[in-house]
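Please open the structure in a viewer and keep the selection tool at hand. The tour below proceeds stop by stop, naming what to select and what is found there.

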Amino acid sequence: MEIKEIYETMTYGPAPENAGEAIQFLESHNKSFNLFINGKWEAPSSGEYFDSINPSTKEKLAKISDADENDVNKAVAAAKKALPEWIKIGPHQRARYLYALARQIQKHSRLFAVLESMDNGKPIRETRDIDIPIVARHFYHHAGWAQLRDTNLKDYKEIGVIGQIIPWNFPLMMLSWKIAPAIAMGNTIILKPAEFTSLTALLFAEICQQIGLPNGVVNIITGHGKTGAAMVDHKDVNKIAFTGSTEVGKIIRRATAGTGKKLSLELGGKSPFIVFEDADLDSVVEGVVDAIWFNQGQVCCAGSRLLVQESIADKLYKKIRTRMESLRIGNALDKSIDIGAIVAPVQLKVIEELVQLGVDEGSTLWQPSWSCPTEGYFYPPTLFTDVSPSSAIAQEEIFGPVLVAMSFRTHKEAVKLANNTRYGLACSIWTENINLALDIAPQIKAGTAWINCTNVFDAAAGFGGYRESGFGREGGIEGIMEYLKPRIEESFSDKPVTKRTNNSNGSTGQLQPSLGIDRTTKMYIGGKQARPDGGYSMVINSSKGEYIGEVSKGNRKDIRNAVEAAHANTNWANRTGHARAQVLYYLAENLAIRREEFASRIVQMTNQSNADALQEVDLSIERIYTYAALADKYDGKVHHTIHRNVTLAMPESMGVMGIVCPDESPLIGFISTVIPAITMGNNVIVVPSEKLPFSATDFYQILETSDVPAGTVNIITGDKDELAQVLAKHDDVDSIWYFGNKKGCKDIELLSADNMKRTWVNYGKYRNWLDIEQGEGEVFLKHASQIKNIWIPYGA
Ligand code: NDP
């Protein structure tokens with residue numbers, strides 16, 4: 001084409017990236033890749049391979065090993081063997097290895113970018129300018145955490161052998177998010193890439209060899225879902241870190257239930273992109289492009305639901321359609337395209353079917369007039385309007401370049417629509433009014449809120465979900481904590497720790513008149529004493545077998561009422577830390593006034609000495625003070641990200657929590673679990689100790705006199721495990737803590753998978769609740785809250 005003609009048409013010419021070095025890399029392995037185990041390349045024991053295809057051209061790139069259980073066993077054994085030495089070399093040596101990995105990735109960044117684009121179909125512009133720089137940044141950032149491991153994090157230790165399973169949408173980026181923090185903290189790993197996109201992980205394995213990373217620290221096992229499942233089931237794997245679909249996330253949650261394996265799950269999303277009428281609409285349009293056409297919309301946090309204020313909806317749709325018309329689609333290695341290929345035919349089919357469903361449901365479809373190339377797996381950018389909030393395309397994750405638009409009138413309606421999803425990964429809020437943005441961000445149930453920006457990531461900020469988008473965070477200190485465990489856990493006991501020093505005079509203690517026997521306590525729901533729905537009571541005997549009294553036997557209906565009452569109360573979560581602290585101090589004051597009475601009740605139930613019982617009450621008062629003190633001090637951070645952003649990491653309440661109390665230490669077991677949960681602004685449904693419930697039921701008199709709002713603490717007595725299971729299954733309970741036996745722990749984790757509740761269970765290990773180090777501290781507040789990262793760009 002002549003220059004004159006170019007000026008006349010102003011069309012883009014082809015701008016192909018050179019694939020020579022990437023092809024050389026493939027040829028250096030004869031286009032056939034073995035598994036990377038213990039620092040060496042090993043053929044798969046099955047002898048089976050599968051093809052890796054370039055989705056832009058349908059060309060076969062290479063053969064990839066299909067690892068089976070034998071290979072997984074070998075890799076786990078290698079990681080286990082490498083662990084002691086990797087721990088022993090210490091933080092500084094590990095920091096050096098991470099730094100070497102970062103440097104090596106930077107030195108080969110273009111090779112990584114080209115290979116990634118060929119394997120995945122994503123535009124070279126994205127892999128070159130976004131994916132690979134983020135990968136290098138992760139290794140740098142975590143080289144720093146490795147260095148600080150024994151100084152800043154000395155109360156924690158490594159977890160051990162980690163199994164990591166990643167998806168195909170950001171293959172190398174996901175690898176770096178998993179491997180960097182894991183090995184920085186002294187763990188060793190086995191990583192399984194997705195079957196469609198193994199190549200950059202295999203190139204990374206070569207980089208590990210080049211820098212002399214000790215054998216077995218990083219093992220890369222390629223294969224299918226069954227390979228991942230074998231890793232999940234392996235008894236020597238101490239933690240699973242998974243990114244992928246919510247469906248597989250639930251399978252993994254169930255498979256690991258009760259095993260004590262630590263778990264982090266980064267799952268799907270249907271993130272809202274909310275545009276208020278005062279937003280800068282031209283910026284919004286570019287934001288939409290980045291939100292849903294970045295990586296062909298195959299992004300877990302894609303802004304796939306466009307929520308627009310009604311007054312500007314038509315104007316914005318028009319601008320978006322104009323912009324869609326000018327988007328360019330094509331071979332991923334063309335430097336001037338906006339949209340590449342869909343990863344594989346199976347994903348293309350999912351997109352096509354869901355789009356057809358949208359049309360069948362009556363929504364209005366709009367696609368640009370140009371057509372897609374025919375040689376690869378392409379799908380055009382798509383906009384749906386006239387969408388009903390309950391339609392499948394508004395609820396299901398399409399994982400393709402499909403934007404679904406809805407409108408709202410009021411701010412309240414915007415929040416309601418945004419939260420009308422089972423997911424909670426991210427949200428994007430567009431307005432020129434910073435007060436409005438900061439008012440809306442905390443109201444959206446999502447782990448990340450981007451204000452006037454979208455799809456911004458950095459190694460220093462945590463990323464992860466609420467609700468069915470999974471749990472755990474990746475990035476920054478929040479992500480680091482996923483690869484550590486508190487050292488204190490080593491001192492937990494295999495048997496319940498109870499203080500049972502018998503009274504020296506052998507009596508059951510001095511009962512005060514108010515503790516007269518033969519009383520039946522009610523439950524406490526929505527700030528009121530409540531009779532059990534079933535009309536049954538349970539007899540409670542002392543540890544000597546003497547009748548003390550009866551408690552109400554709660555059932556499913558009582559739990560339902562309590563959950564409703566907890567949801568109805570918005571007063572507590574919205575209070576400041578200072579306001580909550582005042583109520584907590586008041587609780588402690590009122591408990592102190594009734595110190596002897598509570599001690600007598602403990603003596604009556606447990607037959608321990610008066611002195612020990614008084615000590616338990618005094619410690620309980622002290623513990624309430626601790627949390628009152630922390631209520632306005634356990635706060636967030638402003639992360640040092642690389643963008644011109646203030647990135648606020650804010651701890652938020654979980655919402656409604658179920659708390660199943662330990663059976664040891666009736667009062668302090670109740671206080672130690674309930675108080676930190678409400679300190680963070682949660683409303684709770686408490687199932688007190690089944691055998692020793694009276695300290696909890698007496699406590700509602702304290703709640704009533706201490707300005708605790710109705711619905712903040714609800715107490716349901718009865719069969720502990722039966723009630724725990726109802727709580728675990730309840731879809732409107734966001735989190736559950738369970739302190740009991742091993743079987744109970746397993747049941748809780750199994751039953752919680754349906755709505756991906758956060759769980760905290762003791763796996764049959766017991767704390768001494770009277771011990772300050774074991775019974776209190778920030779770890780309780782951490783489990784009672786989740787971090788939301790709010791990104792606020794600056795610059796005029
Ligand atoms: P999957 O959840 O199916 O796969 C993710 C990873 O898990 C892959 O490595 C996969 O292996 C592996 N895997 C599959 N089954 C099991 C199992 N039973 N046990 C252990 N590991 C397993 O996601 P897909 O890649 O198939 O994508 C499908 C959907 O997942 C998308 O449409 C999207 O909704 C969602 N997704 C979400 C992502 C996110 O970042 N949140 C990323 C990618 C997908 P293999 O690929 O070899 O089968």
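A residue is called buried when its relative accessible area is under 20%, and exposed when that value is over 50%. The model on display is predicted.

**Stop one: helix 10**

Select residues 246-256, which make up helix 10. Its buried residues are Thr246, Gly249, Lys250, Ile252, Arg253 and Thr256. These lie on the same side of helix 10, because the arc they cover around the axis is only 160°. Turn to the other side of helix 10, where Glu247 and Ile251 are exposed.

What do the buried residues of helix 10 pack against? Add to the selection strand 7 (161-165), strand 10 (239-243), strand 11 (262-266) and strand 31 (758-761), together with helix 9 (225-233) and helix 25 (742-751): the buried residues of helix 10 pack against these elements. Before leaving, select Gly258, just after helix 10, which has a positive phi of about 80°.

**Stop two: the nonpolar cores**

Next, display Phe204, Val275 and Leu306, the residues with the most contacts inside the largest nonpolar core, a set of 113 residues. Helix 7 (residues 171-184) supplies the largest share of this core, with 10 residues. Centre the view on Val275 and show its contacts: leaving aside residues up to four places away in sequence, Val275 touches Leu281, Val284, Leu306, Leu307, Val308, Gln309, Ile312, Leu316, Phe408 and Trp430. Then move to a second, separate core of 53 residues, which includes Trp572, Val583, Ile621 and Phe780.

**Stop three: aromatic pairs**

The whole structure contains 23 aromatic pairs. Select Trp177 and Phe463, an edge-to-face pair with 5.6 Å from centre to centre and 65° between the planes. This pair links distant parts of the chain, 286 residues apart: Trp177 belongs to helix 7, while Phe463 sits in the loop between strand 18 (448-451) and helix 17 (476-480). Are the two residues buried or exposed? Trp177 counts as buried because its relative accessibility is 4%, and Phe463 counts as buried because its relative accessibility is 5%.

Now select Trp737, Phe739, Trp760, Trp769 and Phe780, which ring pairs link into a cluster. Phe780 has already appeared in the second core.

**Stop four: the sheet of strands 1, 5 and 4**

Select the open sheet of three strands with the order 1-5-4 and mixed pairing. Strand 1 (32-33) and strand 4 (49-54) are the edge strands, each pairing on one side only. Strand 1 and strand 5 (residues 59-65) run parallel and are joined by two bridges. To find one bridge partner, select Phe33 and look across to Ile64 in strand 5. Helix 5 (residues 109-120) packs on the sheet, where it touches strand 4 and strand 5; its direction makes about 100° with that of strand 4.

**Stop five: the sheet of strands 20, 24 and 23**

Finally, select the open sheet whose three strands have the order 20-24-23, again with mixed pairing. Strand 20 (520-521) and strand 23 (537-541) stand at the edges; each has a single partner strand, so one side of each lacks a neighbour in the sheet. Two bridges join strand 20 to strand 24 (residues 547-552), and these strands run parallel. Select Thr520 and find Glu550 opposite, in strand 24. Helix 23 (residues 694-704) packs on this sheet, touching strand 20, strand 23 and strand 24, and its direction makes about 60° with that of strand 24.

Definitions and conventions: Residues are numbered from 1 along each chain as its sequence is written. This is a predicted model: local features need pLDDT of at least 70, side-chain atom pairs count only at pLDDT 80 or more; totals for chains, interfaces and linings use all residues. Side-chain values use heavy atoms; hydrogens and water are left out. Two strands pair if DSSP finds at least two bridges between them. Helices (H or I, at least four residues) and strands (E, at least two) are DSSP runs, numbered from the N terminus. Contact means heavy atoms within 4.5 Å. Axes are lines fitted to C-alpha atoms, for helices over the stretch in contact, and angles run from 0 to 180 degrees between N-to-C directions. A nonpolar core is a set of buried Ala, Val, Leu, Ile, Met, Phe, Trp, Tyr and Cys residues joined through side-chain atoms within 4.5 Å. Buried means under 20% relative accessible area, exposed over 50%, partly exposed in between (1.4 Å probe, protein chains only). The arc is that of the directions from the helix axis to the C-beta atoms. Rings of Phe, Tyr and Trp (its six-membered ring) pair if their centres lie within 6.5 Å; planes under 30 degrees apart count as stacked, over 60 as edge-to-face and the rest as tilted.
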